[in-house]
Amino acid sequence: MTKHIGILTSGGDCPGLNAAIRGVGKAAQGAFGMKVIGFRDGFRGLMENRTVALDQAALSGILTIGGTILGTSRDKPRRMSVGGKEIDATEAIIANYEKNQLDALICLGGGGTQKNALYLKEKGLNVITLPKTIDNDVAMTDVTFGYHTALGIVTEAIDRLHSTAHSHYRIVVVEIMGHRAGWLALGAGIAGGADVILLPEIAYDIGKIAEAIRERGRSGKHFSIVAVAEGAMSKRDAAGLREADAMKQKAKSKGERKKAKVAMAEWQKRHSGNTMRLAAQLEELTGLESRVTILGYVQRGGAPSAVDRLLATRLGTACVELINEGEFGVMVAARGDGTEPVPLEKVAGKRRTVPLDHPWITSARLVGTSLGD
């Protein structure tokens, strides 16, 4: 019998999503005779049954296009805003899965998508996921598609900032995406020759950063590039986050949970604007003018790189092979030049952060880059 596959993209957009959709669609239809439909705007489109036929015409020409032709959202099956109210859309999602006679649902997304997919698996749906995010922080995969493209974009931005930094004897602070994982800041910082790289995994001491910059001045280098992940924090802020997290974990009663939520909100308020504050502190401590560049969403845009097109295509085609073999409830992980199905239970709720003994960390230190500690 002909198998029917549904596919959706959830969470933030990134380069490579269309390449993955194309890989799934072309392999499913051309090699296995399956029928493929897409759901618009993530889990919301699945709940509202807004579909689009992903035939050969729809898949043509999308390999090089950034973003996602299906649209995306951060809606969760269990908590979806409808008419100003938050509802549990699980029953509607299951009903539409059955209405479309799906044999499998493919979810393309990051950490949140993996958790939502596991939830739907536990509700009885045949779910399979592909890992995407420029943050490269999905657990149990060597790499996520979207990362390589963003790495090139951020590296080029740092390259361009070097000229104005050394021309004006300035400190240029570049804010890079990455709330809880520093892969993008670390990779681009090393590739772009940043003098200081600040990561969420390594709490920094502002005094040590300033001293590293002053030392560069004493050696005749009167400018510095500081690559800072948006989730990087000082040792003081890191201690505050640990306290708020501990309060959240220990909370049992409704009152305790509310108190923990307030504590976390207060910490987030203190941490907001951290990059601007960091630049001001460095200017005061070093006597050098500081300028801030926040790259923002430019990091997620544009056509995917050749590496991401290749990665997304091989993950997409491997996904279809697993469906044909009847294997579900897994994420298709990149493993070397191949792929590996990993149970969603091992992925959901986990995050791949930069290990403190990672070779990239070692290389950064050996070339004289300050990591703020």
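These legends go with a handful of close-up views of a predicted model.

**View 1. Helix 7, tucked inside.** Helix 7 covers residues 183-191, and seven of those nine residues are buried, so the rest of the structure largely encloses it. The buried ones are W183, L184, A185, L186, G187, A188 and G189. What sits over them? The cover includes two stretches of helix, helix 6 (147-168) and helix 13 (359-366), along with strand 8 (171-176), strand 9 (196-198) and strand 10 (224-229). Just past the helix, look for G193: helix 7 is followed by this glycine, and its phi is positive, near 70 degrees.

**View 2. W183 and its company.** Now we zoom in on W183, which belongs to helix 7. Its relative accessibility is 2%, so W183 counts as buried, the cut-off being under 20%. Setting aside neighbours within four places in sequence, W183 is in contact with D135, N136 and Y147, and also with R352, T353, V354, P355, H358 and W360. Take V354 from that list: 171 residues separate V354 from W183 along the chain, yet their C-alpha atoms are 6.4 Å apart.

**View 3. Helix 8 against helix 11.** Here helix 8 (residues 206-218) packs on helix 11 (residues 274-286), with an angle of about 55 degrees and 10 Å between the axes. The two helices are therefore oblique to each other. As for handedness, helix 8 passes helix 11 in a right-handed crossing. Helix 8 brings I206, I209, A210, I213 and R214 to the contact, where they meet L278, Q281, L282, L285 and T286 of helix 11. Sorted by type, the residues of this contact come out as seven nonpolar, two polar and one charged.

**View 4. A salt bridge between R300 and D13.** The model has a count of 17 salt bridges, and this view picks out one of them: the side chains of R300 and D13 pair up at 3.0 Å, N to O. The partners come from distant parts of the chain, 287 residues apart, with R300 in the loop between strand 11 (290-294) and helix 12 (306-324) and D13 in the loop between strand 1 (4-9) and helix 1 (17-30). Is each partner buried or partly exposed? R300 has a relative accessible area of 15%, so R300 is buried. D13, at 26%, is partly exposed.

**View 5. A network of salt bridges.** Five residues take part here: D41, R44, E48, R50 and D75 are linked in a network of salt bridges. Start with D41 and R50, whose side chains meet at 3.0 Å, N to O. D41 is partly exposed, with a relative accessible area of 25%, and R50 is also partly exposed, at 27%. Then turn to R44 and D75, which form a salt bridge of 2.9 Å, again N to O. This pair joins distant parts of the chain, 31 residues apart: R44 sits in helix 2 (residues 42-48), while D75 lies in the loop between helix 3 (56-59) and strand 4 (80-82). Both ends of this bridge are out of the way: R44 is buried at 17% relative accessible area, and D75 is buried at 16%.

How values were computed:
Residues numbered from 1 in each chain as written. Predicted model: local features only at pLDDT ≥ 70, side-chain atom pairs only at ≥ 80, totals over all residues. Heavy atoms only, no water. Buried < 20%, exposed > 50% of the residue type's maximum accessible area, 1.4 Å probe, protein only. Helix = DSSP H or I, 4+ residues; strand = E, 2+ residues; numbered from the N terminus. Contact = heavy atoms within 4.5 Å. Axes fitted to C-alpha atoms, helices over the stretch in contact; angles between N-to-C directions. Parallel < 35°, antiparallel > 145°, perpendicular 65-115°, else oblique. Left-handed = near helix turned anticlockwise from the far one by under 90°. Nonpolar A, V, L, I, M, F, W, Y, C, P; charged D, E, K, R; others polar. Salt bridge = Lys/Arg side-chain N within 4 Å of Asp/Glu carboxyl O.
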